[in-house]
Amino acid sequence: MAQSRCNWTIEYLDQCRDPVHGRLVVGFSGGIDSTVLLHQLCAAGLGYKVLACHVNHGISPAADTWQAHCEQVCQALGVKFTSLGVQLPNTGNLEGNARRARYQAFAQVLQASDLLLLGQHLDDQIETALFHLLRGSGRVGLQGMPGSRQLGHASLLRPLLGVSREQIEAYARAENLAWVEDESNADTTMTRNYLRQQVIPALQQRWPDLKLTLQATLQRDAEVLGLLDSVAIDDLAGIADALGGVYLDGFAS
């Protein structure tokens with residue numbers, strides 16, 4: 001694989017190689033995003049550390065076919081594979097229920113020092129920000145998905161968060177990768193699909209740099225939020241007592 005086609009994940013590969021991380025657990029749906037992520041890790045010589053984790057939601061009639069495809073891909077790449085089936089509640093938001101079920105499934109697999117890698121990319125981040133904006137979230141809610149965070153005793157990393165869908169598709173075609181297509185992505189009654197297929201393309205026609213502009217805005221807001229958190233922690237340290245309470249005089253000032 002040409003180095004030039006991998007340069008958008010170089011900054012994360014050293015983190016993945018760090019021996020502090022026992023395993024690289026890849027959330028592997030079989031879609032193009034996670035397929036590219038898995039392929040890049042293997043091409044970088046990290047396949048020996050990878051455990052591809054597929055969550056079978058059982059929603060689509062093709063769910064078992066997708067699982068079989070994922071297992072075949074992992075066999076071809078020589079990486080370990082595991083699959084977990086989940087049952088979703090009959091009530092509530094389907095997307096939200098599926099997302100919670102995925103994280104619960106990952107939690108069953110993750111061990112201390114593991115690094116969970118997910119394939120969300122720049123377009124997913126923009127959709128998330130617009131979704132939160134239209135839902136009326138405040139500035140904190142508009143932060144989108146963090147590039148990394150702690151997840152229990154393990155860590156979560158999204159290496160493709162600054163990479164566009166177009167770049168991912170170009171990589172997949174260049175490497176002749178095979179992936180599955182979720183038929184539900186065509187259902188515009190689902191908010192994210194509506195944003196992806198109708199709202200964002202219309203906005204980009206008027207503002208071609210929309211994605212990069214929003215990405216820069218989200219990054220600046222994240223830095224500001226981090227600074228505010230740091231100041232708040234310092235302030236709390238100055239008024240906290242030994243039992244975990246706060247001194248009222250200090251709090252009032």
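Let's start with a helix pair. The axes of α5 and helix α8, residues 210-239, come within 10 Å and cross at roughly 70°. That makes α5 roughly perpendicular to α8, because angles of 65 to 115 degrees fall in that class. And before I go on: this is a predicted model.

Who makes that contact? From α5, we have L122, D123, Q125, I126, A129 and L130. They meet K211, L214, Q215 and L218 in α8. By class, the contact of α5 with α8 has six nonpolar residues, two polar and two charged.

Stay on α5 for a moment. This helix covers residues 122-135, and T128 is found in it. Is T128 buried or exposed? Its relative accessibility is 3%, so T128 counts as buried. The cut-off for buried is under 20%. Leave aside neighbours within four places in sequence, and T128 is in contact with G144, M145 and R192.

Now the overall picture. The chain has nine helices and six strands. Of its 253 residues, 40% count as buried. The C-alpha trace spans about 65 × 45 × 45 Å along its principal axes. Next, contacts along the sequence. Take the contacts with a separation of 6 or more: residues 24 or more positions apart account for 73% of them.

On to the second helix pair. Helix α2 is residues 32-43, and helix α6 is residues 165-174. They pack at an angle of about 60°, with their axes 10 Å apart. α2 and α6 are therefore oblique to each other. The crossing of α2 past α6 is left-handed. On the α2 side, the contact uses I32, D33, V36, H39 and Q40. On the α6 side, I168, E169, Y171 and A172 take part. Divide the residues of this contact by class, and you get five nonpolar, two polar and two charged.

α2 also brings us to the core. How many residues does the largest nonpolar core have? It has 28. The residues with the most contacts inside this core are C16, L24, L38, L41 and L117. Several elements each supply at least two residues. The helices are α1 (10-17), α2, α3 (63-77) and α6. The strands are β1 (24-27), β2 (50-56) and β4 (115-117). Which element gives the most? α2 does, with six residues.

Look at L117 in this core. Leaving aside neighbours within four places in sequence, L117 is in contact with C16, L24, V25, V26 and G27. L117 is also in contact with L37, L41, L157 and P159. Apart from the largest core lies another one, of 18 residues. C53, V55, L116 and L118 are among them.

Next, strand β5. S148 lies in β5. At 44% relative accessibility, S148 counts as partly exposed. Not counting residues up to four places away in sequence, S148 touches L156 and L157. P159 is 11 residues from S148 in sequence, and the two are 8.6 Å apart, C-alpha to C-alpha.

Follow β5 (148-151) out into the loop before β6 (154-157), and there is H153. With 72% relative accessibility, H153 counts as exposed. Which residues does H153 touch, not counting those up to four places away in sequence? A112 and S113. A112 and H153 are 41 residues apart in sequence. In space, their C-alpha atoms are 4.8 Å apart.

That leads to S113. S113 sits in the loop between α4 (94-109) and β4. Its relative accessibility is 31%, so S113 counts as partly exposed. Now check the backbone. S113 has a positive phi of about 80°, although it is not a glycine.

N176 is another non-glycine residue with a positive phi, near 55°. Where is N176 placed? In the loop between α6 and α7 (191-206). N176 is exposed, with a relative accessible area of 69%.

To recap the helix pairs: α5 is roughly perpendicular to α8, and α2 is oblique to α6. For the core, remember that α2 gives the most, six residues. And for the backbone, take a look at S113, with its positive phi of about 80°, and at N176, with phi near 55°. That's it from me.

Technical notes. Residues are numbered from 1 along each chain as its sequence is written. This is a predicted model: local features need pLDDT of at least 70, side-chain atom pairs count only at pLDDT 80 or more; totals for chains, interfaces and linings use all residues. Side-chain values use heavy atoms; hydrogens and water are left out. Axes are lines fitted to C-alpha atoms, for helices over the stretch in contact, and angles run from 0 to 180 degrees between N-to-C directions. Helices (H or I, at least four residues) and strands (E, at least two) are DSSP runs, numbered from the N terminus. Angles under 35 degrees count as roughly parallel, over 145 as roughly antiparallel, 65 to 115 as roughly perpendicular and the rest as oblique. A crossing is left-handed if the near helix is turned anticlockwise from the far one by less than a right angle, and right-handed if clockwise. Contact means heavy atoms within 4.5 Å. Ala, Val, Leu, Ile, Met, Phe, Trp, Tyr, Cys and Pro count as nonpolar, Asp, Glu, Lys and Arg as charged, and the others, Gly among them, as polar. A nonpolar core is a set of buried Ala, Val, Leu, Ile, Met, Phe, Trp, Tyr and Cys residues joined through side-chain atoms within 4.5 Å. Buried means under 20% relative accessible area, exposed over 50%, partly exposed in between (1.4 Å probe, protein chains only).
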